[in-house]
Amino acid sequence: MDTRWDIDIRHLKAGYGDHVVLQDVSGTLPAGNISVILGGSGCGKSTLLRQIIGLSRPMAGKLLIGGQDILQLPFAEYRRVRRNMGVLFQDGALLGALSLAQNVVLPLSEHLHLTKAELREEALRVLELVGLADFADYYPNELSGGMRKRAGLARAIIADPRILLCDEPTSGLDPITAARMDELLLSMNERFPDMTIVVVSHDLASLWTIADQVLVIRDGRSVFCGGPDELKQAEDPYLVQFLQRKASAEEVSRAETGAASAGMADRVKAILNKWLAR
């Protein structure tokens with residue numbers, strides 16, 4: 001496997017059962033950079049993330065990490081690749097019965113034989129990186145949403161992974177807290193220059209702040225892969241509409257039809273309620 005752990009996606013097709021979500025996705029997410037997977041709700045961003053993590057197997061295509069198709073690796077080698085991935089889940093995914101320090105060291109507890117003192121030392125090390133060392137003994141319900149996400153990031157990096165995958169890290173955060181999360185990801189990129197950081201997002205403000213590479217997905221297909229400056233110059237109608245936050249004529253028509261249908265349903269419901277009250 002190459003020393004650089006680039007993620008190279010080639011004509012990936014994936015879904016659940018017979019339901020196809022990703023039709024044809026290709027693009028390279030280079031090591032040492034922050035790559036943002038961008039797209040509207042339901043386009044397949046999270047499904048692609050599941051494929052990279054290895055939670056699902058694709059229907060077709062290839063997924064190369066460090067130059068090797070991970071689906072073709074021997075099981076032991078595949079597990080080694082998986083252990084070199086850290087994941088920040090959208091909601092932090094902390095266990096409520098464990099303190100922050102205990103949550104953070106879970107990956108080490110699973111794979112290494114360390115003493116309680118050593119685990120504590122490692123927990124404080126990464127909590128210091130995300131500004132939460134003073135909250136090591138707090139429980140998740142005692143923290144804000146932004147603090148829980150930072151704790152999730154600490155857990156994702158505690159094993160010094162080669163790849164860091166972040167699912168909507170700014171989702172549900174106020175603008176100031178979201179900006180702090182962006183700054184934290186930039187600091188991770190600076191501190192770990194060889195790490196491949198992949199961020200799934202639809203947050204345009206975050207995109208322009210952190211992205212070195214952008215992969216845009218629309219309806220299960222990749223429509224752009226390149227740098228943010230190239231993306232700004234793109235003339236594809238969908239990309240222009242997405243970046244300017246404008247709906248297409250087709251989407252407006254669907255929305256108006258849906259609103260009209262909803263209005264009709266409300267009127268029918270009112271008539272029925274009136275008739276039942278007689």
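**Exercise 1.** In this predicted model, classify cysteine 43 as buried or exposed.

*Solution.* Begin with the relative accessible area of cysteine 43, which is 5%. The cut-off for a buried residue is under 20%. Cysteine 43 is therefore buried.

**Exercise 2.** Determine the exposure class of cysteine 225, and state how many disulfides the structure holds.

*Solution.* The relative accessible area of cysteine 225 is 31%. Buried requires a value under 20% and exposed a value over 50%, with partly exposed in between. Cysteine 225 is therefore partly exposed. As for disulfides, the structure holds zero.

**Exercise 3.** Describe the setting of threonine 47: its secondary structure element, its exposure class and its contacts beyond four places in sequence.

*Solution.* First, locate the residue: threonine 47 belongs to helix α1, which spans residues 45-53. Next, take its relative accessibility of 7%; the limit for buried is under 20%, so threonine 47 counts as buried. Finally, list its partners: with neighbours within four places in sequence set aside, threonine 47 contacts Ala14, Tyr16, Val21 and Leu22.

**Exercise 4.** Characterise the protein chain by its secondary structure, burial, contacts and accessible surface.

*Solution.* The secondary structure consists of 11 helices and 10 strands. Of the 278 residues in the chain, 44% are buried. Among contacts with a separation of 6 or more, 69% join residues 24 or more positions apart. The surface exposed by the chain is about 14900 Å², and carbon and sulfur atoms supply 51% of that area.

Terms used:
Residues numbered from 1 in each chain as written. Predicted model: local features only at pLDDT ≥ 70, side-chain atom pairs only at ≥ 80, totals over all residues. Heavy atoms only, no water. Helix = DSSP H or I, 4+ residues; strand = E, 2+ residues; numbered from the N terminus. Buried < 20%, exposed > 50% of the residue type's maximum accessible area, 1.4 Å probe, protein only. Contact = heavy atoms within 4.5 Å. Areas by Shrake-Rupley, 256 points an atom, 1.4 Å probe, with all protein chains shown as cover. Disulfide = S-S within 2.5 Å.
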